[in-house]
Amino acid sequence: MRARKIQLSGFGGPEVLQVAEFEVPALGPRDVLVRSHAIGVGWPDVYVRTGTYPWQHLFPMPATPGIEMAGRVAAAGAEVADLQVGRPVYVSSRLMGFRGGCYAEAMVVPRDVLVELPGNVDLDVAAGLAYYQLAVALLRAAGAARPAGWAMVSGASGGVGTALVQTAKAFGYRVLASVGHDDKRAHATAVGADAVINYRTDAAAAAIAGITGGHGVDLWLESFVGPDFGQVFRSMAPWGKVMLYNAVGGHPAPAFFDDWRAAMGKCVSVQYFSMHVYEDDPQAMRDLLSAAMRLIVDGAIKPPAGTFFKLEDAAQAHRLLESGTNRGRIFLRP
Ligand SMILES: NC(=O)c1ccc[n+]([C@@H]2O[C@H](COP(=O)([O-])OP(=O)(O)OC[C@H]3O[C@@H](n4cnc5c(N)ncnc54)[C@H](OP(=O)(O)O)[C@@H]3O)[C@@H](O)[C@H]2O)c1
């Protein structure tokens, strides 16, 4: 059987994402053939495409990006007795050692790394589970020892930001969202933010003080950072925590430590988080996926509809992601 996938013709811009035909490998006894229904598109895929992923060695060329996909069982190996054809399943490359490969019409996946989905699950939603898994991981890592309080989600209209707003609400936080354009406010509100600020036009520290009644932010979730990030300490509550999960805006200015120290009376902590901390712990990854799935299946979280592109239009999907103008998640439809 032949199928199509996206393959990198080299590192570079979105145009290096090319359609390639391949012969689907024969199934081993414990393998499952999964027919893709929807494929999540995310920044790790962009980093793989540009050759800048810190775990690039896990994506040998010619690489096929994609860390998650939801689909249905199309065939199973002789020793796979518990998965019927048609069964909805989720493929996470994180459970396969971050080797990508999900930008494809079909994948052969070892049974043991396949995640079964509830029969009534919306596969378009399930294809975006990785960001809810990340959100659960971040919120658990932030600790739940104290009452949840106020969470600040920066970049709240993006894929992870949307998942964080919704998951933080499900964890009991009041959520303050920050966006860079007024036309993104409505999205942040629609997915559950209690208050929204535009960091480009609002005086952030004053706005946050006003919204939180002077209390400040208990948990600040951030992937931009940048030179002015030291200002975050002005807005933190006592014992507050800053969770970084990327720094696309670059390093904070050297005065960051001075800014931190100036707020020492508040005992604020800063933690840098990556899902790769679970690389050698697939059971923990599965537990996080299950927790995220439960929140969705139980209705505590209702992910907004994503933006879909055809598989062959993966380049357009990357252009939209890199433009920073998307709302929520982007997906490929094979
Ligand atoms: N640590 C981990 O384990 C992990 C796992 C997955 C993803 N991530 C990271 O999570 C981050 C968010 O991913 P995503 O898929 O949610 O991205 P996204 O949909 O593009 O959202 C990112 C948001 O950040 C804001 N932003 C501000 N300046 C930006 C810039 N220069 N470039 C891009 N965005 C900018 C944009 O909102 P405004 O215009 O409103 O500011 C944008 O909506 C990425 O950096 C990704 O690498 C981390």
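Reader: What is the area buried between domain 1 and domain 2, and what percentage of it do carbon and sulfur atoms give?

Author: It is about 1200 Å², and carbon and sulfur atoms give 49% of it. The figure is called buried area because it is the accessible area (1.4 Å probe) that the two parts lose on being put together, summed over both. Arg94, Pro304 and Arg327 supply 40% of what domain 1 buries against domain 2, more than any other three residues. The model is predicted: local features need pLDDT of at least 70, side-chain atom pairs count only at pLDDT 80 or more, and totals for chains, interfaces and linings use all residues. Residues are numbered from 1 along each chain as its sequence is written, and side-chain values use heavy atoms, with hydrogens and water left out.

Reader: Which residues belong to domain 1 and domain 2?

Author: Domain 1 is 2-128 + 303-333, and domain 2 is 131-275. These bounds come from an automatic or database domain assignment. The domain centres, taken over C-alpha atoms, are 30 Å apart.

Reader: How many residues of domain 1 are in contact with domain 2?

Author: 15 residues of domain 1 are in contact with 16 of domain 2, where contact means heavy atoms within 4.5 Å.

Reader: Which residues come nearest to the ligand?

Author: Of 26 residues around the ligand, these are Tyr131, Val160, Gly180, Lys184 and Tyr199. A residue is counted as near if one of its heavy atoms lies within 4 Å of the molecule. Domain 1 and domain 2 each give at least three residues to this shell.

Reader: What makes the pair between Tyr131 and the ligand a polar contact?

Author: A polar contact is a pair of N or O atoms within 3.5 Å. A polar side-chain atom of Tyr131 lies 2.8 Å from a ligand oxygen, so the pair meets that limit. A polar backbone atom of Val160 is 2.6 Å from an oxygen of the ligand, and a backbone N or O atom of Tyr245 lies 2.9 Å from a ligand nitrogen. The protein buries 85% of the 900 Å² that the ligand exposes when taken alone; such accessible areas come from the Shrake-Rupley method with a 1.4 Å probe.

Reader: Why is the peptide bond from Met61 to Pro62 called cis?

Author: Its omega is near 0°.

Terms used:
A polar contact is a pair of N or O atoms within 3.5 Å; within protein, one must be able to donate a hydrogen and the other to accept it, and residues adjacent in sequence count only if both atoms are side-chain atoms.
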